[in-house]
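Reader: I have a structure open and I'm not sure how to read it. Can we go through it together?

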Amino acid sequence: MGEPGGPGSRVVGRAGGPLMATVFAHGELRLYLLALLDTGPKHGYELITELSERFGGTYRPSAGTIYPRLARLEDEGLVHRSADGRKTTYELTPAGRAEIEARRADVAALEHGIAETVRQRAEALRADVQGSLKGLRAELAAAAQTARARPRDGGPDPRRRESYAWRMEAEALLQRFREDVRADLRRADAASVVSELTVDTLRTVLDSARKAVRATLP
């Protein structure tokens, strides 16, 4: 069963969510695996990681996608598989290198299609983030207005006590956010999938969040 769609018909999906269309057209993943192996022998996990890096972390193929295709390439005589301790290493055979050499133009076109897909996904992700931040800004403004309209008790300096309580809650939220994101980044870094898109997205989110929070302050 092939992968429907091609470089010109790839549909952008949400990063981390289900794709709206498959990433590779029929035969493209096969060709791209050969292209990755053209740079030297690799383990299956290395191929998965390199594919994820090429897509800026917006797409990561599963082992169930990669290993069956490697087995087919081996059956075709294009890839040689060898044991390397507990891992299995894959490398091109002379026939595999000959096919890559004959299809350099196809590989270049595929690289161009992947670059366009990554650009589209980055734009979709930024638009999604901006939409979420608009909703957050509205919620923060509504919460601030509710706090202003809440009746005050007759105790000494009730506004000061309430402000302090809200500040402590806000700082707790910031601390949880920092810890959660740091843990996510460390897990991603262990898999070598933190990318420029990750940092760019974080920068955009934090800048927009800062502006939204400041808009609720007098």
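Author: We can start with a term: two strands count as paired if DSSP finds at least two bridges between them. Keep in mind that this is a predicted model.

Reader: ok, so which residue in the hairpin of β2 and β3 takes a positive phi?

Author: G85 does, with a phi near 70°. The hairpin has 2 residues between its strands.

Reader: and how many bridges hold β2 and β3 in register?

Author: β2, residues 79-84, pairs with β3 over 6 bridges, in the antiparallel sense. Among the partners, S82 goes with T89 of β3, and A83 goes with T88 of β3.

Reader: what's the strand order in the sheet?

Author: The order is β1-β3-β2, in an open sheet of 3 strands with antiparallel pairing. β1 and β2 stand at the edges with a single partner strand each, so one side of each has no neighbour in the sheet.

Reader: what holds strands together in general?

Author: Strands of a sheet pair through backbone hydrogen bonds, either parallel or antiparallel.

Reader: back up a bit. how many helices and strands does the chain have?

Author: The protein chain has 7 helices and 3 strands. Along the sequence the pattern reads α-β-α-α-β-β-α-α-α-α. Of the 218 residues in the chain, buried ones make up 30%.

Reader: T89 came up already. is T89 buried or exposed?

Author: T89 is buried, with a relative accessible area of 11%. T89 lies in strand β3, and its C-alpha atom is 5.4 Å from that of K42, although the two are 47 residues apart along the chain.

Reader: what else is T89 in contact with?

Author: Leaving aside neighbours within four places in sequence, the contacts of T89 include P41, K42 and H43, and also H80, R81, S82 and D84. With H43 there is a polar contact of 3.3 Å between the side chains.

Reader: where is H43?

Author: H43 is in strand β1. H43 counts as buried because its relative accessibility is 16%, and the cut-off for buried is under 20%. Beyond four places in sequence, H43 is in contact with D84, K87, T88 and T89.

Reader: new topic: helices. which residues of α2 are buried?

Author: In α2, residues 44-54, the buried ones are G44, L47, I48, T49, L51 and S52. These buried residues pack against α1 (28-37), β1 (42-43), α3 (63-75) and β3 (87-92).

Reader: why would residues a few places apart point the same way?

Author: An α-helix has 3.6 residues a turn, so residues three or four places apart point the same way.

Reader: what comes just after α2?

Author: Just after α2, G56 takes a positive phi of about 60°. A positive phi also turns up after α6, where S192 has one near 60°.

Reader: how far does α6 reach?

Author: Helix α6, residues 158-190, reaches 48 Å from its first C-alpha to its last. With 33 residues, that is close to the 48 Å expected at 1.5 Å a residue.

Reader: aromatics next. how many aromatic pairs are there?

Author: The count comes to 2 aromatic pairs. In one of them, the rings of F24 and Y32 have centres 6.2 Å apart and planes at 35°, so this pair is tilted. F24 is buried at 2% relative accessible area, and Y32 is buried too, at 1%.

Reader: and Y67 with Y90, how do those rings sit?

Author: The ring centres of Y67 and Y90 are 6.5 Å apart and the planes are at 50°, so that pair is tilted. The pair links distant parts of the chain, with Y67 in helix α3 and Y90 in strand β3, 23 residues apart. Y67 is partly exposed at 33% relative accessibility, whereas Y90 is buried at 7%.

Reader: last one. what is the mean pLDDT of the chain?

Author: The mean pLDDT is 77, and 76% of the residues reach 70 or more. Among the elements, helix α4 (residues 94-102) has the highest mean, 95, and helix α5 (residues 104-149) the lowest, 72.

Reader: where does pLDDT stay under 50?

Author: That is the case over residues 1-21. The model has 43 contacts beyond four places in sequence for those residues.

Conventions: Residues are numbered from 1 along each chain as its sequence is written. This is a predicted model: local features need pLDDT of at least 70, side-chain atom pairs count only at pLDDT 80 or more; totals for chains, interfaces and linings use all residues. Side-chain values use heavy atoms; hydrogens and water are left out. Buried means under 20% relative accessible area, exposed over 50%, partly exposed in between (1.4 Å probe, protein chains only). Helices (H or I, at least four residues) and strands (E, at least two) are DSSP runs, numbered from the N terminus. Contact means heavy atoms within 4.5 Å. Rings of Phe, Tyr and Trp (its six-membered ring) pair if their centres lie within 6.5 Å; planes under 30 degrees apart count as stacked, over 60 as edge-to-face and the rest as tilted. The expected span of a helix is 1.5 Å times one less than its number of residues. pLDDT is the predictor's confidence in each residue, from 0 to 100. A polar contact is a pair of N or O atoms within 3.5 Å; within protein, one must be able to donate a hydrogen and the other to accept it, and residues adjacent in sequence count only if both atoms are side-chain atoms.
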